[in-house]
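I opened this notebook page to look up one helix and its surroundings first, and the contact between two chains afterwards.

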There are 2 protein chains.
Amino acid sequence: MNGRTYTFEDVERILASGDVGGRLSKDDLPTPALVLDLDAFEWNVHKMTGHARKSNRALRPHAKTHKCPEIARILVQAGAVGACAAKLSEAEVLASHGIGGLLVTAAVIGRHKIESAVRLAQRNRDIIFTVDDARNVRDLNDAAGTLDSKPQLRLNLAVDLLLCPRAGIPPGRPALELAKLIHSLPNSRFAGIQAYDPPASHTQGFDTRKKRSCETMGLAVETRRLIEREGLECSLVTGGSTGTYNIDSEIDGVTELQPGSFIFMDVQYSRIGGQDGSPVYRDFKNSLFVITTVIHKRKGTAIVDAGVKSFSTDSPLFPEAKGVAGIAYSWAGDEYGRLDLSGASSDLDVGDRVDFVVPHCDPSVNLYDRIYGIRGDSVETAWKITARGMSQ
Amino acid sequence: MNGRTYTFEDVERILASGDVGGRLSKDDLPTPALVLDLDAFEWNVHKMTGHARKSNRALRPHAKTHKCPEIARILVQAGAVGACAAKLSEAEVLASHGIGGLLVTAAVIGRHKIESAVRLAQRNRDIIFTVDDARNVRDLNDAAGTLDSKPQLRLNLAVDLLLCPRAGIPPGRPALELAKLIHSLPNSRFAGIQAYDPPASHTQGFDTRKKRSCETMGLAVETRRLIEREGLECSLVTGGSTGTYNIDSEIDGVTELQPGSFIFMDVQYSRIGGQDGSPVYRDFKNSLFVITTVIHKRKGTAIVDAGVKSFSTDSPLFPEAKGVAGIAYSWAGDEYGRLDLSGASSDLDVGDRVDFVVPHCDPSVNLYDRIYGIRGDSVETAWKITARGMSQ
């Protein structure tokens with residue numbers, strides 16, 4: 001803190017100059033503002049990369065969480081082999097910012113996307129696409145043939161067998177057949193198995209979560225063995241999440257972890273329960289929050305300037321206030337949140353700022369164009385969330 | 001449709017050239033894509049502007065719905081007196097694109113925002129800010145004094161008395177006192193009353209909705225009379241919504257309507273019930289939808305490439321398929337939606353495209369950077385949603 005204050009126009013000028021380093025305080029930022037506590041973020045990055053190294057697993061963190069090339073770069077510099085991208089357009093943004101080792105986790109469907117994918121693979125030879133369908137494999141192979149490209153294709157395995165899976169080829173023989181097809185075609189390379197089980201990541205209680213992830217990842221490892229017995233190399237099995245990173249890394253045959261949320265954390269992940277039996281999951285620190293301002297006050301209620309356009313609303317959980325205990329947030333429209341202060345540890349007045357942990361980090365980040373990195377109260381960086389909205 | 005097909009790189013080139021007019025088909029667009037049926041949109045604009053004209057009410061449509069300067073301009077050209085903006089940063093974007101007659105509907109709180117507001121008022125003399133607090137009025141007046149600016153301030157009236165209001169000064173004497181304060185200060189102009197009652201807009205059933213809106217807008221009209229009896233001019237009472245436009249326009253003393261959603265419509269508004277007693281509200285047409293692609297299929301279930309990052313999730317309602325009956329959408333993560341096809345009127349296969357009406361238009365539009373205007377199957381325009389994410 002240097003004691004100076006700036007108008008928002010000054011703030012914009014400083015951000016545009018690229019020379020942010022410590023000239024702004026977090027109080028200078030227009031609210032709602034998406035903020036990253038750099039100390040906590042770096043602690044999370046250090047812990048996860050250290051865990052992967054110690055466990056002898058590759059780490060390919062999911063960029064759908066942050067959509068920010070700067071963050072992808074920091075993760076690679078800390079030891080990640082690259083980044084996962086949820087969709088092709090997200091991967092294109094990352095690639096155009098020099099991020100290598102990309103894995104696109106959703107199937108690339110339709111002639112336009114297939115053409116874009118093989119072009120991307122021509123420029124980025126190490127990119128991997130996921131597939132779960134023979135016709136899609138043939139289409140990718142045909143398109144690649146016209147461009148002298150030979151993309152790597154990784155099987156997406158439907159390990160989530162309890163629910164109706166949202167994608168994937170069934171484990172065992174169907175997967176083997178698809179692997180053989182990829183291997184047999186001239187313009188595609190078989191690049192192992194992806195096995196992501198969405199419900200496992202948020203299963204409550206470490207032991208239940210462990211049981212579930214061992215079962216589902218076990219299917220992936222069995223399928224790997226089946227493919228290898230048929231003489232195909234299948235040295236890569238990708239999976240895991242922030243909730244199962246230290247479970248999956250202990251499963252023999254899983255070679256790569258793809259967690260996303262650990263860099264930020266959110267209310268949702270805090271509820272899955274820790275390995276010590278605690279109801280709170282504390283393996284990683286809350287580094288992400290939204291700064292809001294109280295704009296109205298009456299009796300025991302305050303209104304802040306952040307509503308459903310500033311926080312994710314896909315989970316039944318609400319934003320949680322940081323630093324002030326006993327504040328209950330509820331939605332009050334697109335642009336407003338209502339705070340019940342009846343149990344609050346301290347009072348709030350119009351103009352006061354309140355920080356909130358977001359309910360679910362990925363869709364919350366997807367609402368903002370910028371993330372401000374702070375150290376203490378000082379704004380150290382302002383990164384563009386360049387792949388924001390890239391769901392294509 | 002001209003029969004040509006384009007890659008997404010071609011599409012980007014055509015969009016960047018500004019010369020879109022009919023060269024692209026909707027099938028050329030990468031999905032998920034936010035699309036506006038221009039015929040339906042123009043029908044909606046024509047109906048609402050015609051209604052306001054006939055009722056002798058000013059129309060200041062809410063730009064928080066579209067966040068798009070092009071759409072604000074079309075509404076002004078059709079007869080609107082300007083646009084409402086939910087927040088200061090949204091108003092700044094609209095002003096920088098030449099939209100006049102702006103009303104910022106949320107209070108401008110904090111030194112930084114107040115400074116930005118009075119600067120904006122210096123450049124845009126007809127802008128109106130809303131206030132509900134004496135200290136805020138004094139702060140605005142003081143800041144304006146240093147800049148030779150004299151912004152117009154409109155009282156935000158807390159008419160939503162059944163629930164805890166999210167903003168506003170109580171009707172009657174408290175409002176009168178605040179009006180007097182504004183009038184007495186050298187650097188502010190008193191500019192009437194804003195009375196928006198959020199629950200009234202979505203009250204189910206026309207008669208119940210009418211009763212509610214007449215009660216709450218009645219408080220605004222009474223307050224207007226009280227202020228006028230004290231000798232202050234109070235010629236403007238703003239309020240109303242897409243659900244109450246033809247109710248509020250009949251209330252004597254309400255001078256201006258500020259609906260937003262009518263241009264697009266959504267699943268939520270379709271459920272409020274029509275004046276004819278029908279459970280479906282058909283006063284305006286669904287013009288807004290999201291094009292998705294089926295990327296996975298198994299038995300009676302299909303997966304599309306649009307999930308909670310492509311649709312609003314603040315209401316309990318789901319996206320509704322257009323053109324195919326009996327499809328039930330449910331969430332399947334950030335990037336996926338699950339379709340139950342067991343009751344579907346026709347089958348779907350991988351690669352097929354399905355259009356969906358969004359659950360709630362405002363936060364859905366706020367997820368996209370671009371809205372494609374189509375006429376039939378032809379893409380006629382691609383407008384930037386320039387104020388997307390501007391919740392500050």
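**Helix α9 of chain A**

I looked up what covers the buried residues of α9(A), and the cover includes α7 (173–184), β8 (189–195), α8 (198–201), β9 (237–239) and α10 (245–248) of chain A. I count a residue as buried if 20 or more other C-beta atoms, placed from the backbone, lie within 10 Å of its own, and I take helices (H or I, at least four residues) and strands (E, at least two) as DSSP runs numbered from the N terminus. This is a predicted model, in which local features need pLDDT of at least 70, side-chain atom pairs count only at pLDDT 80 or more, and totals for chains, interfaces and linings use all residues. Residues are numbered from 1 along each chain as its sequence is written, while chains are lettered from A and ligands numbered from 1 in the order in which they are written.

Among the buried residues of α9(A) I noted A:F206, A:R209, A:R212, A:M217 and A:I227. I checked the length of α9 (residues 206–229) of chain A: its 24 residues should span 34 Å at 1.5 Å a residue (times one less than the number of residues), and the end C-alpha atoms are 33 Å apart, which agrees. After α9(A) comes A:G231, with a positive phi near 90 degrees.

**Chains A and B**

I found that chain B superposes on chain A (least squares on C-alpha atoms of residues with pLDDT of at least 70 in both) by a rotation of 180 degrees with 0.0 Å of shift along its axis, at RMSD 0.0 Å. The two copies are thus related as by a two-fold rotation axis. For the contact (C-beta atoms, placed from the backbone, within 7 Å), I noted 52 residues from chain B and 52 residues from chain A.

Conventions: Contact = placed C-beta atoms within 7 Å. Buried ≥ 20, exposed ≤ 12 C-beta atoms within 10 Å, placed from the backbone.
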